[in-house]
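Biologist: I should be grateful for a close look at a single part of this model. Please begin with the charged side chains and then set out the elements around them.

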Amino acid sequence: QVQLVESGGGLVQAGGSLRLSCVASGRAFSSYTMGWFRQAPGKEREFVAAISSDGGGTSYADSVKGRFSISRDNAKNTVYLQMNSLKPEDTAVYYCARRNVLTQDYNYWGQGTQVTVSS
């Protein structure tokens, strides 16, 4: 059974930084693309960033490019999201997820961690 556990959320002022972590249980973490998503109140969940299995490839939503950075440590079964220059509109619950190799869908999700950015 795969479990994803996020941490690192909190309350921060606009312009500040946070680093989210997601630890995965189970085997073969290094075989999977991992992603970060977020959901703000009253809005649909949206893609934030993704990183390939070996960390060599990353992608970002336009809204976070240049401010957020995704990375991973396969030895620690952990994926990170470094968030800089935070804005109030970044306020959301942030989720990490694992992408299925065959279907390319994200089919394992963590419970989420709240990020609140005050103006």
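Modeller: The account below starts with the salt bridges, turns to a loop beside them, and ends with the strands and the disulfide.

The model is predicted, with local features requiring pLDDT of at least 70 and side-chain atom pairs counting only at pLDDT 80 or more, while totals for chains, interfaces and linings use all residues. Residues are numbered from 1 along each chain as its sequence is written, and side-chain values use heavy atoms, with hydrogens and water left out.

The structure holds four salt bridges, each a side-chain nitrogen of Lys or Arg within 4 Å of a carboxyl oxygen of Asp or Glu. Arg-38, Glu-46, Arg-67 and Asp-90 are linked in a network of such bridges. Within that network, Arg-38 is bridged to Glu-46, with 2.6 Å between the closest N and O atoms. Arg-38 is also bridged to Asp-90, where the closest N and O atoms are 2.9 Å apart. This second pair links distant parts of the chain, since Arg-38 is in strand S4 (residues 34-39) and Asp-90 is in the loop between S8 and S9, 52 residues apart. Strands here are DSSP runs of E with at least two residues, and helices are runs of H or I with at least four, numbered from the N terminus.

Accessibility varies among these residues. Buried means under 20% relative accessible area, exposed over 50%, and partly exposed in between (1.4 Å probe, protein chains only). Asp-90 has a relative accessibility of 1% and therefore counts as buried; Arg-38, at 6%, is buried as well. Glu-46 is partly exposed, because its value is 36%. A further salt bridge joins Lys-65 to Asp-62, with the closest N and O atoms 3.2 Å apart; Asp-62 is exposed at 63%.

The loop that holds Asp-90 also contains Ser-85, between strand S8 (78-83) and strand S9 (92-99). Most residues other than glycine have a negative phi, yet the phi of Ser-85 is positive, near 50°. Ser-85 is partly exposed, at 40% relative accessible area. Leaving aside neighbours within four places in sequence, Ser-85 is in contact (heavy atoms within 4.5 Å) with Gly-15, Gly-16, Ser-17, Arg-67 and Asp-90; two of these partners, Arg-67 and Asp-90, belong to the network.

Strand S8 takes part in an open sheet of four strands, ordered S1-S3-S8-S7 and paired antiparallel; two strands pair if DSSP finds at least two bridges between them. Strand S1 (4-7) and strand S7 (68-73) stand at the edges with a single partner each, so one side of each has no neighbour in the sheet. Neighbouring strands are turned by 15° against each other on average, direction ignored; the axes are lines fitted to C-alpha atoms, for helices over the stretch in contact, and angles run from 0 to 180 degrees between N-to-C directions. Four bridges join S1 to strand S3 (residues 18-24), with Val-5 partnered by Val-23.

Strand S3 is also tied to strand S9 by the bond between Cys-22 and Cys-96, 74 residues apart. This is the one disulfide found in the whole structure, a disulfide being a pair of cysteine sulfur atoms within 2.5 Å. The two sulfur atoms are 1.9 Å apart, and both cysteines are buried. The torsion about the S-S bond is about 40°, so the disulfide is right-handed.
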